[in-house]
Structure formats: structure tokens, C-alpha cells
Amino acid sequence: MPKPNGGIRLLGIPTGIDRLIQQATAQVLNKVFDKEFSKYNYGFRPNRSAHMALKQSKAYIEEGYKIVVDMDLEKFFDTVNHDI
């Protein structure tokens, strides 16, 4: 799939059974590892959302903080070796 800024994006469409296995694995791993993640991480976690992150950011600003940092791993998957 071509990218807007040039290059191509590898695209894999999972089958139904692939999706079922991915979801089952994610549910088990979330229970094991979610408690290890920072409470300030809102990305792709159960019972968390971007709206919650914005609400927390607003609370920090109201407490007097002047800077809120939004980090995204958007380009991370462009550098992953998909062959592995």
C-alpha cells in the first residue's frame, strides 16, 4: 500500500482465526502485564481512552502545570523488520 509521503506500507489482513487468536492472547497478556504499566499511559489499554488522557491533562493544567507531553510511536512500525 503506498504511503502519502512515498514508500510503501506492508499490509496484512488477518483471517478470522488469526483475529480470534490475537484477541485471546491479548486478553491473557493484558491481565498479566497491564498492572506493570504506568498509570499515566492511556494508549491501547483496557478501560482507558484518549478522552481520559485529555481529562487528566486538563486536571494537570488546573493544578498549575504548564506542560503536557503527548508521545506517539506512530513511526515505530515503519522501522520494524516485518520478515522476523
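Start by selecting Lys58 and Glu62: both sit in helix α2, 4 residues apart, which is about one turn of the helix. Keep in mind as you click around that this is a predicted model. Show the side chains and you'll find a salt bridge between Lys58 and Glu62, with the closest N and O atoms 3.7 Å apart. Lys58 is exposed, and Glu62 is exposed too.

Now colour the whole of α2, residues 50-62. The helix has 13 residues and runs 18 Å from its first C-alpha to its last, close to the 18 Å expected at 1.5 Å a residue. Switch on a surface and see how little of α2 is covered: among its 13 residues, the count of buried ones is 1. Past the end of the helix, pick Gly64, which follows α2 and has a positive phi, near 110°.

Stay around here for the rings. How many aromatic pairs does the structure hold? There is 1. Select Tyr60 and Tyr65 to see it: the two rings meet edge-to-face, 5.7 Å centre to centre, with 75° between the planes. Tyr60 counts as partly exposed because its relative accessibility is 23%, and buried would need a value under 20%.

Next, go back along the chain to the loop between α1 (16-33) and α2 (50-62), where Phe44 has its place. Check the backbone at Phe44: phi is positive, about 50°, although this residue is not a glycine. With a relative accessibility of 88%, Phe44 counts as exposed. Then hop to Asn47, also found in the loop between α1 and α2. Asn47 is another non-glycine residue with a positive phi, this one near 60°. Its relative accessible area is 75%, so Asn47 is exposed.

While you're in this part of the chain, select Arg48 and Tyr42 together. The charged end of Arg48 sits over the Tyr42 ring, 5.1 Å from the ring centre.

Now for salt bridges again. How many does a search of the whole structure find? It finds 2. You have already seen Lys58 with Glu62; for the other, select Arg45 and Asp34, whose closest N and O atoms are 2.8 Å apart. This pair links distant parts of the chain, 11 residues apart, with both Arg45 and Asp34 in the loop between α1 and α2. Is Arg45 buried or exposed? Arg45 counts as buried because its relative accessibility is 8%, and the cut-off for buried is under 20%.

Move on to the greasy side of things: select Val28, Leu29, Val32, Phe33 and Phe37 and show them as a surface. Together these residues make a nonpolar surface patch of about 450 Å². Zoom in on one of them, Val32, which is found in helix α1. Val32 counts as partly exposed because its relative accessibility is 40%, while exposed would take over 50%.

For the last stop, keep Val32 selected and add Asp70. Draw a distance between the two C-alpha atoms: they are separated by 26 Å, with the residues 38 apart along the chain.

Technical notes:
Residues are numbered from 1 along each chain as its sequence is written. This is a predicted model: local features need pLDDT of at least 70, side-chain atom pairs count only at pLDDT 80 or more; totals for chains, interfaces and linings use all residues. Side-chain values use heavy atoms; hydrogens and water are left out. Rings of Phe, Tyr and Trp (its six-membered ring) pair if their centres lie within 6.5 Å; planes under 30 degrees apart count as stacked, over 60 as edge-to-face and the rest as tilted. Buried means under 20% relative accessible area, exposed over 50%, partly exposed in between (1.4 Å probe, protein chains only). A charge sits over a ring if NZ of Lys or CZ of Arg is within 6 Å of the ring centre and within 35 degrees of the ring normal. Helices (H or I, at least four residues) and strands (E, at least two) are DSSP runs, numbered from the N terminus. Patches are made of residues with over 30% relative accessible area and no salt bridge: like charges are joined within 9 Å, nonpolar side chains (Val, Leu, Ile, Met, Phe, Trp, Tyr) within 5 Å. Accessible areas come from the Shrake-Rupley method with a 1.4 Å probe; for residues, only the protein chains shown count as cover. A salt bridge is a side-chain nitrogen of Lys or Arg within 4 Å of a carboxyl oxygen of Asp or Glu. The expected span of a helix is 1.5 Å times one less than its number of residues.
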